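Biologist: I am new to this protein, and I would like to go through its empty spaces and its packing with you. Could you show me the sequence and the structure?

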Amino acid sequence: MSNNIRWTFSHGADTEIMHAEVVEHRFREHFHEAWAIGCIESGDCSFSASGQALTARVGDVVVIPPYVVHTGGTDLGRLVYRMGYVGEDWFASLSVLLFGALRVRFPGTVIHDPPAARRLSAALSPAQMRDAERKAFLAQALLGLLARHAIPQCDGETPRVTLARAGDGGNLLRIVGTEEVSRSALIRRFTHRFGLSPMRYLRNLRCVSAKRMLRDGLPISEVAHALNFSDQAHFTREFKKIHGITPGSYRTVVRAGRQRRAANLEL
């Protein structure tokens, strides 16, 4: 098995970009706090979202809202794809610009639209570009996608739990009930509502929060301790399962992105 996963950033567009080339590799069930919007460069991506089995191919755009549990990757052959993890606030600003609505939904997770896929692929290109240029490309691609496929909505946000509300995990079961029922019944209820068992949800939530802490410059050991992982090795394993790279590699990418941005601003 040979995998090549690289990350870049568009600070102005509040977007992280993943370029992945994987062979017979799958990401287990997980979620992101951002919109995951991507396209397939070659191969077939067999995955699930909200428990539904799906396949994305060249010419398709994949749209996964924040906190929706999904898998990714392929069981057969080589897969190359690009994903943009678009911050909710910036995505909402584009939605407001078009519809006057903060929230939208799409008719499906996999949308066959080759022109939209090509525009998105260009916006998510691994080629180096100025942050303002990247933001412009992303805005154009996302506005086109929204205009062609999005439907404004007033409610229906994916259920979510903040890290502050989850605490050390003891509060998770209280979210789904305080009546006198068995612990196993509460666990089943939580899993049905949120898509992961309470402990897996909490680990995912901590790994999502870890990215912000790493971007703020905290040492990896301090992040692991602050998020109640048993040790740094445990934190590294869980982080890589979700994000495809280690915390150390992620921090290196963040620093490189800041250096490029600073160099561009000086030009």
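The questions and answers below deal with cavities, pockets, nonpolar cores and aromatic rings.

Modeller: This is a predicted model, in which local features need pLDDT of at least 70 and side-chain atom pairs count only at pLDDT 80 or more, while totals for chains, interfaces and linings use all residues. Residues are numbered from 1 along each chain as its sequence is written, and side-chain values use heavy atoms, with hydrogens and water left out.

Biologist: How many cavities of 30 Å³ or more does a search of the whole structure find?

Modeller: On a 1 Å grid over the protein atoms alone, a cavity is a set of points where a 1.4 Å probe fits but cannot get out, and its lining residues have an atom within 4 Å of a point. Grid points are joined across faces, edges and corners, and a volume is the space filled by probe spheres set on the points. With a lower limit of 30 Å³, the number of cavities found in the whole structure is 2.

Biologist: Which residues lie closest to the centre of the largest cavity?

Modeller: The largest cavity holds about 210 Å³ of space. Its lining is made of 22 residues, and those closest to the centre are His70, Thr71, Gly72, Tyr81 and Met83.

Biologist: How many charged residues are in the lining of the second largest cavity?

Modeller: This cavity has about 100 Å³ of space, and its lining includes Arg28, Glu29, Arg200 and Lys241. Ala, Val, Leu, Ile, Met, Phe, Trp, Tyr, Cys and Pro count as nonpolar, Asp, Glu, Lys and Arg as charged, and the others, Gly among them, as polar. By these classes the lining has 2 nonpolar and 2 polar residues, and the number of charged ones is 6.

Biologist: Which element gives the most residues to the lining of the largest pocket?

Modeller: A pocket is an open set of grid points with protein on both sides within 12 Å along at least five of seven lines, and the largest one has about 650 Å³ of space. Of its 32 lining residues, Trp35, Pro65, Pro66, Val68 and Thr158 lie nearest the centre. Elements are DSSP runs numbered from the N terminus, with helices (H or I) of at least four residues and strands (E) of at least two. With 4 residues, the element that gives the most to this lining is α1.

Biologist: Which residues touch the most other members of the largest nonpolar core?

Modeller: A nonpolar core is a set of buried Ala, Val, Leu, Ile, Met, Phe, Trp, Tyr and Cys residues joined through side-chain atoms within 4.5 Å, where buried means under 20% relative accessible area with a 1.4 Å probe and protein chains only. The largest core has 38 residues, and those touching the most other members are Ile5, Met18, Phe47, Tyr81 and Phe235.

Biologist: Why is the pair of Phe194 and Tyr201 described as it is?

Modeller: Rings of Phe, Tyr and Trp (its six-membered ring) pair if their centres lie within 6.5 Å, and planes under 30 degrees apart count as stacked, over 60 as edge-to-face and the rest as tilted. The structure holds 13 such aromatic pairs, and both Phe194 and Tyr201 are buried. Their ring centres are 5.5 Å apart and their planes stand at 65°, so the pair is edge-to-face.

Key. Buried means under 20% relative accessible area, exposed over 50%, partly exposed in between (1.4 Å probe, protein chains only).
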